[in-house]
Amino acid sequence: MGDEKETPEKRRERLRQEELKRNPTSNLNDSSHRAHHGSLVDLVGGMGWKGTGALLILIAVGFLIFLLFFR
């Protein structure tokens, strides 16, 4: 009954923790990589939909500028 009020971020984290408990050694390389470079899931999950939209627009504008100057 508590699952209906669970936020998407908490659900993602709960599922991640359950996966680590079931299979702790398979994610060792992935975990090491995330520790050094961060995770896109964590970045987007923490920003919300407005921040994600702004990030996508920024990437698109940067790509267009790159095409204009370096083509």
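Let me start with E13 and R16, whose side chains meet in a salt bridge with an N to O distance of 3.5 Å, and I should say straight away that we are looking at a predicted model. Both residues belong to helix α1, which covers residues 8–22, and they sit three residues apart, or about one turn of the helix. As for their surroundings, E13 has a relative accessibility of 34% and so counts as partly exposed, and R16, at 24%, is also placed in the partly exposed class. With the cut-offs used here, partly exposed lies between 20% and 50% relative accessible area, so the value of 24% puts R16 outside the buried class.

This pair is part of a total of four salt bridges in the structure. Another one joins R14 and E18, whose side chains meet at 3.1 Å, again taken from N to O. Why are these two separated by about one helical turn? Because R14 and E18 are four residues apart in helix α1, the separation between them comes to about one turn. R14 has a relative accessible area of 31%, which makes it partly exposed, while E18, at 34% relative accessibility, is partly exposed as well.

R14 and E18 also take part in something beyond a simple pair, since together with E6 they are linked in a network of salt bridges. If you have the model open, I would suggest displaying E6, R14 and E18 together, as they make up that network.

Further along helix α1 we come to E19 and R22, which are three residues apart, about one turn of the helix. These two form a salt bridge in which the closest N and O atoms are 2.9 Å apart. Are the two partners buried or exposed? E19 is partly exposed, with a relative accessible area of 30%, whereas R22 has a relative accessible area of 61% and is therefore classed as exposed, the cut-off for that class being over 50%.

Let me finish with the nonpolar side of the surface. A patch is formed there by I57, V61, F63, L64, I65, F66, L67, L68, F69 and F70, and together these residues have about 1100 Å² of accessible area. One of them, L64, is found in helix α3, which spans residues 40–70. So that we have both parts in view, the charged pairs I described in helix α1 include E13 with R16 and E19 with R22, and the nonpolar surface patch includes L64, a residue of helix α3.

Key: Residues numbered from 1 in each chain as written. Predicted model: local features only at pLDDT ≥ 70, side-chain atom pairs only at ≥ 80, totals over all residues. Heavy atoms only, no water. Buried < 20%, exposed > 50% of the residue type's maximum accessible area, 1.4 Å probe, protein only. Patch = residues over 30% accessible without salt bridge, like charges linked within 9 Å, V, L, I, M, F, W, Y side chains within 5 Å. Areas by Shrake-Rupley, 256 points an atom, 1.4 Å probe, with all protein chains shown as cover.
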